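Work through the exercises below with the structure open. Try each task before reading its solution.

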Amino acid sequence: MPEIRVTPLGAGQDVGRSCILVSIAGKNVMLDCGMHMGFNDDRRFPDFSYITQNGRLTDFLDCVIISHFHLDHCGALPYFSEMVGYDGPIYMTHPTQAICPILLEDYRKIAVDKKGEANFFTSQMIKDCMKKVVAVHLHQTVQVDDELEIKAYYAGHVLGAAMFQIKVGSESVVYTGDYNMTPDRHLGAAWIDKCRPNLLITESTYATTIRDSKRCRERDFLKKVHETVERGGKVLIPVFALGRAQELCILLETFWERMNLKVPIYFSTGLTEKANHYYKLFIPWTNQKIRKTFVQRNMFEFKHIKAFDRAFADNPGPMVVFATPGMLHAGQSLQIFRKWAGNEKNMVIMPGYCVQGTVGHKILSGQRKLEMEGRQVLEVKMQVEYMSFSAHADAKGIMQLVGQAEPESVLLVHGEAKKMEFLKQKIEQELRVSCYMPANGETVTLPTSPSIPVGISLGLLKREMVQGLLPEAKKPRLLHGTLIMKDSNFRLVSSEQALKELGLAEHQLRFTCRVHLHDTRKEQEMALRVYSHLKSVLKDHCVQHLPDGSVTVESILIQAAAPSEDPGTKVLLVSWTYQDEELGSFLTSLLKKGLPQAPS
Amino acid sequence: DLSTVDVILISNYHCMMALPYITEHTGFTGTVYATEPTVQIGRLLMEELVNFIERVPKAQSASLWKNKDIQRLLPSPLKDAVEVSTWRRCYTMQEVNSALSKIQLVGYSQKIELFGAVQVTPLSSGYALGSSNWIIQSHYEKVSYVSGSSLLTTHPQPMDQASLKNSDVLVLTGLTQIPTANPDGMVGEFCSNLALTVRNGGNVLVPCYPSGVIYDLLECLYQYIDSAGLSSVPLYFISPVANSSLEFSQIFAEWLCHNKQSKVYLPEPPFPHAELIQTNKLKHYPSIHGDFSNDFRQPCVVFTGHPSLRFGDVVHFMELWGKSSLNTVIFTEPDFSYLEALAPYQPLAMKCIYCPIDTRLNFIQVSKLLKEVQPLHVVCPEQYTQPPPAQSHRMDLMIDCQPPAMSYRRAEVLALPFKRRYEKIEIMPELADSLVPMEIKPGISLATVSAVLHTKDNKHLLQPPPRPAQPTSGKKRKRVSDDVPDCKVLKPLLSGSIPVEQFVQTLEKHGFSDIKVEDTAKGHIVLLQEAETLIQIEEDSTHIICDNDEMLRVRLRDLVLKFLQKF
């Protein structure tokens, strides 16, 4: 029985280190290869030894697909390909391919240079890893091999994020990665056609949330920022260098311009300017509005937002700082946070989801005393605000996508178990689609019943179609043919053609029955009576009286003969082939009953 | 009749200039497919054209001359013009926008299903940003349409040749207009002539389209001007869409050649003209009016349109610079004969250099390509099957392939020489399970299929036949004709032959006695004397002749069938 098997190595009932194994029609695909921000030990990377104990990964995996550049989706890639060892193709979109290595390098620097970790992947490994990448266009059908094909769809979320369809024959799986169903200030909304996959693997970060309109949240955000700087406070917005940062920058930039504000806005790290440049060069991936107006004004050229210098953090007076990373788990944002946390005039706005174990998660869950490295305790007096700007689909959006793609079943990843449970029920009840939510290392097996494609000879097909067009063809009609199976080549042809192709002669089986009738009239007259009788009974058939005195019904031949012995008896010879058997045997029994008396 | 056209596939932005005429003024209701760069740059070309035409509005337009009798009397080239009655006014921007809004954007290697029957796929053709060749295929047939392709390495993504393999038919068009000129040599000549003129204090005029080769020329100049000591000479690009064209060229990273792509990954703009603009070496203006007149410095290099020299800003420069022999006009666009373009400006003192840069396939590249992809048949315009009229001895300037290419002419219907034999059909797994294959020859198995055919949107599906309905016991007395069997229930064909001896043994086993076998010329006759039945057995036929005893007939039939294979 063909089946699809799915095993999350990461992101099963969890957010972080997305990594999902899919086996479909004998092909093995790994979806994403992420790291976990909440861990610093072995658990930060997926357990690749699950894939194969002693064999090479390259032999086992047909391809690896990376949905977007966030580290929880690609952070383990150099470790996987260079340290564990994988040489097969890695697919991602062009913007992902461009940005991914930069974020990986950044991640490596923090881990090795700042935390002093040994046995981490090197810069060279990132480079070597990226050499294995094959870039894909949106909607391009990439033929991984003769049978396996993949296709990318726009996912919103961040620049270059894509959903992927993985297809073998008539079986398919769609993996969404992270996606956003509402367009924001810089990106468009995810979209997929009605591709009816066997399985849709979707993220479910916001499985229980239904968010209010974006406008309200934006107003709220601007109000809070504005109020804080008005009273002389400093605003820290921890962000990831690419994605939300650009959206919020556009938002603040336009607000500053409208309100004519002079308070400085800074963007930390050199990465940012570079990041904005990517947005400028990958304009076709942004939303409609930006695409339309970029010639007049490129939205990613900011006037009010300047580069941040470490020394600025101690400057007096109000300011707004965007700093990386977004979950306050390391780096510059954490440094600034430590400096500003003690002052209640200041504010930190968390614009996105924070993984368990990060400082961001701790302060959002209300913790005000944080234990830092070296047993230090940091008291948080500054205001802590959370605004959901992260571009994940909410419950409504997830349902919407399921409705768009019309999958046979849904599998949830990248979310918290409790929330998943809720969404699972909702999907099963409202959409009547079976739904799974495996934990890491747990395998879901879905039996599939793919139909088998064969070639049908056009002659046979046309013959059937013409008959199918007749108005009486209400009831299902049977198509009859012969399937020729030669190696892996399957062809359905008419039986005549099959015989001919195989050089087999047709064997004709013919029956002739003698029907004895008492009748004294002459043969010709007799035939005429048979003809008119049959004509009146068989209205739908072609009944003909031939010049030689015989009568035909379709291809059945009826001849009248007079045996010499008895002039009062006539014999009708009814002759038909095996293919006309029903009609032939019907005719003999009909004639046996005798002919009706001629109307006088 | 364009209302019968279902789909238009656009190969590159030069091939869509007439689109508004079709989408706006005929009954066309189908779909148009094109890549995003094609649409965006096509829009720019149309916008420029409309702008140029609308700058010089004509209060009146004459049409009486189109009368054949009058046209005949007019001087050449008017009297030789063909089909003047079909000539149209230029469309408006509104019509352009409406036409472009009807285009569906597609990406390279995207498989687009049309009506469930065929699949079309654009492939990179290497000629221009977003330029495509198309594959039109069903499950068993493949037609490739190759138009405007280039094997040279310029800025676009290289041509995808591998996907053209195994074509039944390859339609080949859009070859180079100037098969004798080598584009690389022409670029060199362009640069050296430009440098020579500017050094002597003259100006250079380059009539051109606002997109395409100009990107490559600017890139060459970027590398050339410093080494030639010309860094102070201003480059002007004048077109209503100059700015847009330069900006758009930078954002199509995914459609560019590998070198340019890797620049974007850094991230840097893929084309060096960004730097030329930044350092003020290249300036662009929407027209000669406004800012340009203030900034204008001579000697200089001006890129402007239209390359036909009949309209656009280029006309002003021809008149401004035509009288001085210091100046040079360099023709790079291959679409127009430079002599004809210059005719109205004669006598001219300025130098005229003809450096046509046409990167499309030449005949040598074509024969290499055809050898590579090996299509079964090649179809091309008639012109390509004979040497150009001006060089009738150049037998190398024509398509040479085996079997010879089939040619077509305008408005001619060409029947393609292949027959469709198969189509795809899906067999439901339940049905597939119920099939009983038997091996006829080694490696070849057969299975008889009786199934219900479902056809929807040109997709065919075979489902298992329904279970026979329970006979309904109607109270009404049936009429005779109700019993007439439905002859549409198909009986299988039979094959094989009947070994007489075994057949007789079988008959005996089943209780028949008194069997007599007679040999005939072609086979045997088996006589069942008791039952007055006679069975003629030949190599490929069996004939059962019996009295009207249905029971007996059916018994005999079943015994015969045991020896035969059903299909």
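The exercises cover a strand, aromatic pairs, charges over rings, and one chain's domains.

This is a predicted model, in which local features need pLDDT of at least 70, side-chain atom pairs count only at pLDDT 80 or more, and totals for chains, interfaces and linings use all residues. Residues are numbered from 1 along each chain as its sequence is written, chains are lettered from A and ligands numbered from 1 in the order in which they are written, and side-chain values use heavy atoms, without hydrogens and water.

**Exercise 1. Place strand 12 of chain A in its surroundings.**

Step 1. Find residues 234-238 of chain A, which form strand 12. Strands are DSSP runs of E with at least two residues, helices are runs of H or I with at least four, and both are numbered from the N terminus.

Step 2. Check burial. Buried means under 20% relative accessible area, exposed over 50%, and partly exposed in between (1.4 Å probe, protein chains only). Five of the five residues are buried.

Step 3. Sort the side chains. K234(A), L236(A) and P238(A) point one way, and V235(A) and I237(A) point the other way.

Step 4. Find the neighbours. Two strands pair if DSSP finds at least two bridges between them. Strand 12 runs parallel to strand 15 (residues 319-323) of chain A over five bridges; there, I237(A) has F322(A) as its bridge partner. Strand 12 also pairs in the parallel sense with strand 16 (residues 347-350) of chain A, over two bridges. In strand 16, V348(A) is the bridge partner of L236(A).

**Exercise 2. Classify the ring pairs F255(A)–W256(A) and F503(B)–F563(B).**

Step 1. Set the rule. Rings of Phe, Tyr and Trp (its six-membered ring) pair if their centres lie within 6.5 Å; planes under 30 degrees apart count as stacked, over 60 as edge-to-face and the rest as tilted. The structure holds 38 such pairs over all chains.

Step 2. The F255(A) and W256(A) centres are 6.1 Å apart with planes at 55°, so this pair is tilted. F255(A) is buried at 8% relative accessibility, and W256(A) is buried at 0%.

Step 3. For F503(B) and F563(B), the centres are 6.0 Å apart and the planes at 75°, so the pair is edge-to-face. F503(B) lies in helix 15 of chain B and F563(B) in the loop between helix 16 and strand 26, so the pair ties together parts 60 residues apart in sequence.

**Exercise 3. Which ring lies under K234(A)?**

Step 1. A charge sits over a ring if NZ of Lys or CZ of Arg is within 6 Å of the ring centre and within 35 degrees of the ring normal.

Step 2. K234(A) lies over the face of W340(A), at 6.0 Å from the ring centre.
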